[in-house]
Structure formats: structure tokens, C-alpha cells
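The following exchange sets individual assignments against the criteria on which they rest.

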Amino acid sequence: MKVSPKLISFTALFALSSINYAHSTEIAPSDVALTLAQALNPSGQTHTYLVTESTGKSVKAINLSEHFDYYPSEALSFIDRYGYSTLSDVHYDLPVTSLDYKQLLAAGGQGSEHIAAGTNYLEHGEEADIDEVFLFPKFSKPTPNHTKIRYQKNVLLDYEVELCMRWVKPIVSPKQSDGYAGLFVCGDFTDRAELLRKIDVDNVTSGHGFSDAKSGQSRFPTGPYIVVPKDWNSFLKSVSLTTYVNGEQRQQTAASEMIREPKSLIEMILEKGEQPIWRYQGQDVTLFGQQGINPNQNLVTGTPAGVVYNTPGWGYRISKSIKWFATFSFLDSGPVDYILEQYIEESFDNKSYLQAGDKVQLTGTYLGSIDIDIIN
């Protein structure tokens, strides 16, 4: 991946800041952000915790639910009910418990209808050959930080690390997005074969094909906790996102490299999000309902460069166009469909996408990590 001058200057600037880059196992300083996690007790009741420390395999945390006698399914309900300042002051004299990471529930919450941004990082736009940020709905139930995705021989499975957010209050105007929000690391897994077969090549930024290719079971793994900063705009400057596949780094970027920062994405969403101009499983769908962006909806802010997929270059397209003509394939399909099917077939043959046995790790500064096993 190319390193932009902007990223270099960003790194130099924040090396001197009070919020420095940190390994994903570090917890955000308590004077900067609250880190909330959830787990089930033996009877199946949801408990919300304030995380104070990470050991790498477990976290040390204070049981907010027991302290307040409050057991909501949504961790951010604590911010809504008691306020940020109350929670930031309460933890100094409370007992601490230890929780294994595998006990922690999905930071993505309970909702299954989310809003995603495409090509919101310059270098990824270049590798995907799309020069405009666009939106699409994603329908998928969040899964926890240790997730298994079953390998399917008819799926070209691609990984994406992203910064995800959802707000404490519903959003019906862009100004409301300045309110408290929870941030977490997430994955946006994609079936590239389905996407290439359904994408509108004449209007890629319509988002057609993206919802079908990115929705469904286990396509939305999420981190171990949700982090609520005092000021999420400033906090974004400290977040770096990274992907490892079988120990090899594939993606890495600063969240501040987004082309459209979250408030700008919210403006885009509110402008047209009520219109049924997107497609999912053959139906016209909207981004949100009449009540605006609800607190159960996550904003998936976009993926950095480094995914498996790269748009075939002109040399590839020309050679396949010649083959399309020479083999009389023009009798059965147009040149674009033929080239895409050739790419799909070759990708299955060379096993360039995720295979059974692969291990993917997605990390975010102060946001923890997600470990995904691709299984048979």
C-alpha cells in the first residue's frame, strides 16, 4: 500500500499528542473515553462492564449492571440513562472482575440493519477503480470477537477491516451526530463473486450488488468492546486499523484518512436515506426508517486498501476481450459480463481469496481485535 504524505504528517503530529497510537490490547485512558463490554451471567442475563485493563487474553472490568441494578441489552443505554460524567467518576472505588475475551458479547449490539460506506479511503478507491464515496445498507447480525466463518466453495470470500460507530441517541439531523457515540472495530466480509455478478457497472455508486454480497450470516464480526469517547471527533485521530491474514499484514491505515469523516457520512445518509433506491434480495430498500438513524444501526465507515480484490487492469481486459471475440462468446454474453466471469473463474482456480484454515485478525487502536477462523 502506498504511504501518503498525509499519513506521514499525521503520524508525526500525534507522536507528540496526549493520545498516541497504542497496540490494540491497550484500553483508552479513562480521562479520554469509557470502554464498555457485555457478557452473560450463568442465568443468561446481560451484564454491562466498564473495562479498565486488558491482559491480552482477558479484561479487568467493573460490573456496572450490579452497581446500578440495571441490565439493558444495549451497553450504550448506560450513557443515555446515567450520563457520561456519572460513569466516568464511578469506577474508582468499585471491585474489579476478570473476563475472558471469549465471554464478551458482540460490540455491534443487537441490530441487524446497518449503513455502510464504500470506497471511503483514497487508496482503496484506486484498487477498486471507484472514485466516489457511496452508501449501501448491510443486513447482518453482529458476531463476537472470536468468530468462525464457514468456507463455501462457490463464494470468493474477501476481508475488510473498518471502524464502526453507533450513537446513543437517534439521529434525524447532522448536528445530532456530535453527540455521544460508541466506536468499535468491525469486519465487512464480502462475496466478490456475487458482487461482480450483481454490480451495476454503469453506475457502481448506486450500491447495487453490495448489500447482497456483504449481508448474511457471519459477514459482520465485531470487536470485544465499544468505546465511548468524550469527543469522538478528536478520538478518531488516535485510531489505526489493521488486518492480518495468517500473520501477514494486509491492511493498515489511520482512521483520519477517511475521505468523508463520519459527520459528513451522516449528512449523506440523511439526504437520501429514506428513499427506496437501494436493492437487497430483489427488493427496493431504504437506509433508515421514518424515525431517522436509530441507536441499533451501526455506521460502517469504509475499508482501507489491501483487500484481496483489485479491479483487473486494462491489459487483462483487452486480452479477455480478444478471447471473448475469438471464442465466439459474444453469441452468449456481452464483453463486460464475460470478463467478470473469467475473473471469477480464475479466482476460484488460483485460490486467491480466503480458504478453509485461514486465520484473519482485525485490530483497532484502543478498540481491541477480532479473530476469525475460516472453517470447513
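UniProt positions are given in the numbering used here, and annotations may be inferred rather than shown by experiment. The model discussed is predicted.

Q: What feature does UniProt place at residues 114-370?
A: The unreviewed UniProt entry places "domain: Fumarylacetoacetase-like C-terminal" at residues 114-370. In the model, that span is 25% helix and 26% strand, and its end C-alpha atoms lie 19 Å apart.

Q: Why is the contact between Lys359 and Asp373 called a salt bridge?
A: The criterion is a side-chain nitrogen of Lys or Arg within 4 Å of a carboxyl oxygen of Asp or Glu. For Lys359 and Asp373 the N to O value is 2.9 Å, and the pair therefore qualifies. The two residues, 14 apart, link distant parts of the chain, with Lys359 in strand β18 (residues 359-364) and Asp373 in strand β19 (residues 368-375).

Q: What makes Lys359 and Asp373 partly exposed?
A: The class lies between buried, under 20% relative accessible area, and exposed, over 50%. Lys359 has 49% and Asp373 has 24%, so both fall in between.

Q: What separates Lys198 and Glu194 in helix α6?
A: Lys198 and Glu194 are separated by about one helical turn, because they stand four residues apart in helix α6 (residues 192-198). Their closest N and O atoms are 3.0 Å apart, and the pair is therefore a salt bridge under the 4 Å limit. Lys198, at 41% relative accessible area, is partly exposed, as is Glu194 at 23%.

Q: Why are β7 and β14 said to stand at the edges of their sheet?
A: The open sheet has five strands in the order β7-β19-β18-β13-β14, with mixed pairing. β7 (146-150) and β14 (248-254) each have a single partner strand, so one side of each is left without a neighbour in the sheet. The twist averages 15 degrees from one strand to the next.

Q: How do you know that β13 and β14 pair?
A: Pairing requires at least two bridges between two strands. Six bridges join β13 (residues 240-245) to β14, so the requirement is met; the two strands run antiparallel. One of the bridge partnerships is that of Ser240 with Ala254 in β14.

Q: Why can Phe330 be part of a nonpolar surface patch?
A: Patch residues need over 30% relative accessible area and no salt bridge. Phe330 has 32% and therefore passes the accessibility cut-off. Phe330, in the loop between α10 (314-326) and α11 (335-350), makes a patch of about 470 Å² with Phe325, Phe328 and Leu331.

Key
Residues are numbered from 1 along each chain as its sequence is written. This is a predicted model: local features need pLDDT of at least 70, side-chain atom pairs count only at pLDDT 80 or more; totals for chains, interfaces and linings use all residues. Side-chain values use heavy atoms; hydrogens and water are left out. Patches are made of residues with over 30% relative accessible area and no salt bridge: like charges are joined within 9 Å, nonpolar side chains (Val, Leu, Ile, Met, Phe, Trp, Tyr) within 5 Å. Accessible areas come from the Shrake-Rupley method with a 1.4 Å probe; for residues, only the protein chains shown count as cover. Buried means under 20% relative accessible area, exposed over 50%, partly exposed in between (1.4 Å probe, protein chains only). Axes are lines fitted to C-alpha atoms, for helices over the stretch in contact, and angles run from 0 to 180 degrees between N-to-C directions.
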